[in-house]
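Visitor: I'd like a close look at one part of this model, the strand-bearing stretch of the second chain. Could you walk me through it and then place it in its surroundings?

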Amino acid sequence: MAEAAAEEKPVKRILQTVGFDARFPNTNQTRHCFQSYIDYHKCVNAKGEDFAPCKQFFRAYKSLCPKREAGKFPASLEP
Amino acid sequence: MCSNYLVRLNSTPSILLDAPAPWQIGFQDVASPGFEGIVSLHDSIMFYLILILVTKSGIVYKYLNHGTLIELIWTISPALVLIAIAFPSFKLLYTLDEVIDPALTVKVTGHQCYMVPESDLEEGQLRLLDVDNRLMVPVNTHIRFIVTSTDVLHDFAVPSLGIKIDATPGRLNQTSALIERTGVFYGQCSELCGV
C-alpha cells in the first residue's frame, strides 16, 4: 500500500548542472573544471565557507571534474 | 576490446533494438536530433551522388577526343558539388559541437579492458556489448557528457545517439545528447585503445 501511495505522488526533481561558459566554448573543458576549482578556493579564502555565491563555483567543479582529477589539485594549491 | 558501456533509459527490459545486427550496412535506429541530422545529411548526399553517377554513366562519346566546353564542365561542376556538400556538412558539425544549456552532466571515464565474462551473461544478452551496471539517464533531457580516460586513448561512442568522442587522459572532452525515446543503447570503445 505504501508503495502504491508513493507511486501516485510524483516526486518533482529539478535537474541542474553548470551551463555554457563563454570562456570555455570548446569541446575541451579541462580548463573549465580547473578554473572553477581555483575560483572556488579563491572565493572561500576571500569570503569564507558560508558565502553563498562560492557555491556556484563549487557546483561547477563538482559537475565537471572527474573525482580523481579533483583529488589531484590540492597540492598545487599550496602557497 | 575495451570499455564496453551502455546507456539505459527507464526500467524497460532489454529490447535489442539499438544494437548492431550481423552484417548490418545502414545506420542504427535514430534516438537523438543530432543523429537525425547526421543520417539526413548522409542520405541527401548519397541521393545526389548516386543521381550524378547514374545520369553521367549514360553519356558515352566513343569518338569524341577533344572538347573545351565539356572539359570546363567536368572541372567546374565537381567543385560546385563539393561546395554544396561542404556547407550543410559544416553547419551540422558546428551545431553538434554546441552544448548550450544541459540539465545533467554525465562523467565518462575510459579504462583498459573490462569485460563481462560470457558465463555472467543472461539469455538474450550481447557478448562484448552488455555490461554489469547500466547507466540510466532520463529522456527528453539535454545531457552533457564529460569524457576522459585514466590510462590510454579510448573513444566514447553510442551510434543511436550520434555520439563519438575521444577519451584522452588528462583532458576533459565535452559532448551532448538529447534522447528522444526510451530504449537500451549500446556502444563500444571506438578507438584502438592506446593508439
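Guide: Here is a walk through the strands of chain B, followed by the loops, the helix and the other chain. Keep in mind throughout that this is a predicted model.

Let's start with the record. UniProt, in an unreviewed entry, puts "domain: Cytochrome oxidase subunit II copper A binding" on residues 101-195 of chain B. In the model, that span comes out as 0% helix and 39% strand. Its end C-alpha atoms sit 33 Å apart.

Now for the sheet. Three strands of chain B form an open sheet in the order S2-S4-S7, and the pairing is mixed. S2 and S7 are the edge strands, each pairing on one side only. From one strand to the next, the twist averages 25°. If you zoom in on S2(B) and S4(B), you'll find seven bridges in the parallel sense. One pair to pick out there is Val106(B), whose bridge partner in S4(B) is Phe145(B).

Next, the hairpin. S5(B), residues 154-158, and S6(B), residues 163-167, run antiparallel and are joined by five bridges. Start at His154(B) and you'll see Ala167(B) of S6(B) standing opposite. Further along, Ala157(B) has Lys164(B) as its bridge partner in S6(B). Four residues lie between the two strands, and in this hairpin Gly162(B) takes a positive phi near 70°.

S5(B) deserves a second look for its burial. Five of its five residues are buried, so the strand is mostly covered by the cut-off of 20 or more other C-beta atoms within 10 Å. In a regular strand the side chains alternate between the two faces of the sheet. Here both faces are covered: His154(B), Phe156(B) and Val158(B) are buried on one side, and Asp155(B) and Ala157(B) are buried on the other.

The loop between S2 and S3 of chain B is another place to stop, and Gln112(B) is in it. Gln112(B) has 14 C-beta neighbours inside 10 Å, so this residue counts as partly exposed. The loop between S2 and S3 also holds Leu128(B). Leu128(B) is exposed because just 12 other C-beta atoms lie within 10 Å, and the exposed class takes 12 or fewer. Its backbone is worth a check too: phi of Leu128(B) is near 70°, a positive value in a residue other than glycine. Most residues other than glycine have a negative phi.

There is another case of this kind earlier in the chain. Trp23(B) isn't a glycine, yet has a positive phi of about 60°. You'll find Trp23(B) in the loop between strand S1 (5-8) and helix H1 (33-57) of chain B. With 5 C-beta neighbours inside 10 Å, Trp23(B) counts as exposed.

Now step back to helix H2 of chain B, residues 68-97. Its 30 residues should span 44 Å at 1.5 Å a residue, and the end C-alpha atoms are indeed 44 Å apart, so expectation and model agree. As for cover, the helix has hardly any: zero of the 30 residues of H2(B) are buried. UniProt, again from an unreviewed entry, lists "transmembrane region" at residues 45-64 and 71-90 of chain B. Residues 71-90 are 100% helix and 0% strand in the model, with end C-alpha atoms 29 Å apart. To link this part with the S2-S3 loop, take Ala84(B) and Gln112(B): they are 28 residues apart in sequence, and their C-alpha atoms are 41 Å apart in space.

Finally, the other chain. Chain A has five helices and zero strands, and 18% of its 79 residues count as buried. Among the contacts in chain A with a separation of 6 or more, 56% come from residues 24 or more positions apart.

Where the chains touch, chain B brings 18 residues and chain A brings 13. On the chain B side, S2, S4 and S7 each supply at least two residues. S2(B) gives the most, with four residues. By class, this side of chain B has seven nonpolar, six polar and five charged residues. That brings you back to the sheet: the strands named at the contact, S2, S4 and S7 of chain B, are the ones that make up the open sheet of three strands.

Notes. Residues numbered from 1 in each chain as written. Chains lettered and ligands numbered in written order. Predicted model: local features only at pLDDT ≥ 70, side-chain atom pairs only at ≥ 80, totals over all residues. Expected span 1.5 Å × (residues − 1). Contact = placed C-beta atoms within 7 Å. Nonpolar A, V, L, I, M, F, W, Y, C, P; charged D, E, K, R; others polar. Pairing = 2+ DSSP bridges. UniProt positions renumbered as here; feature names shortened; annotations may be inferred. Axes fitted to C-alpha atoms, helices over the stretch in contact; angles between N-to-C directions.
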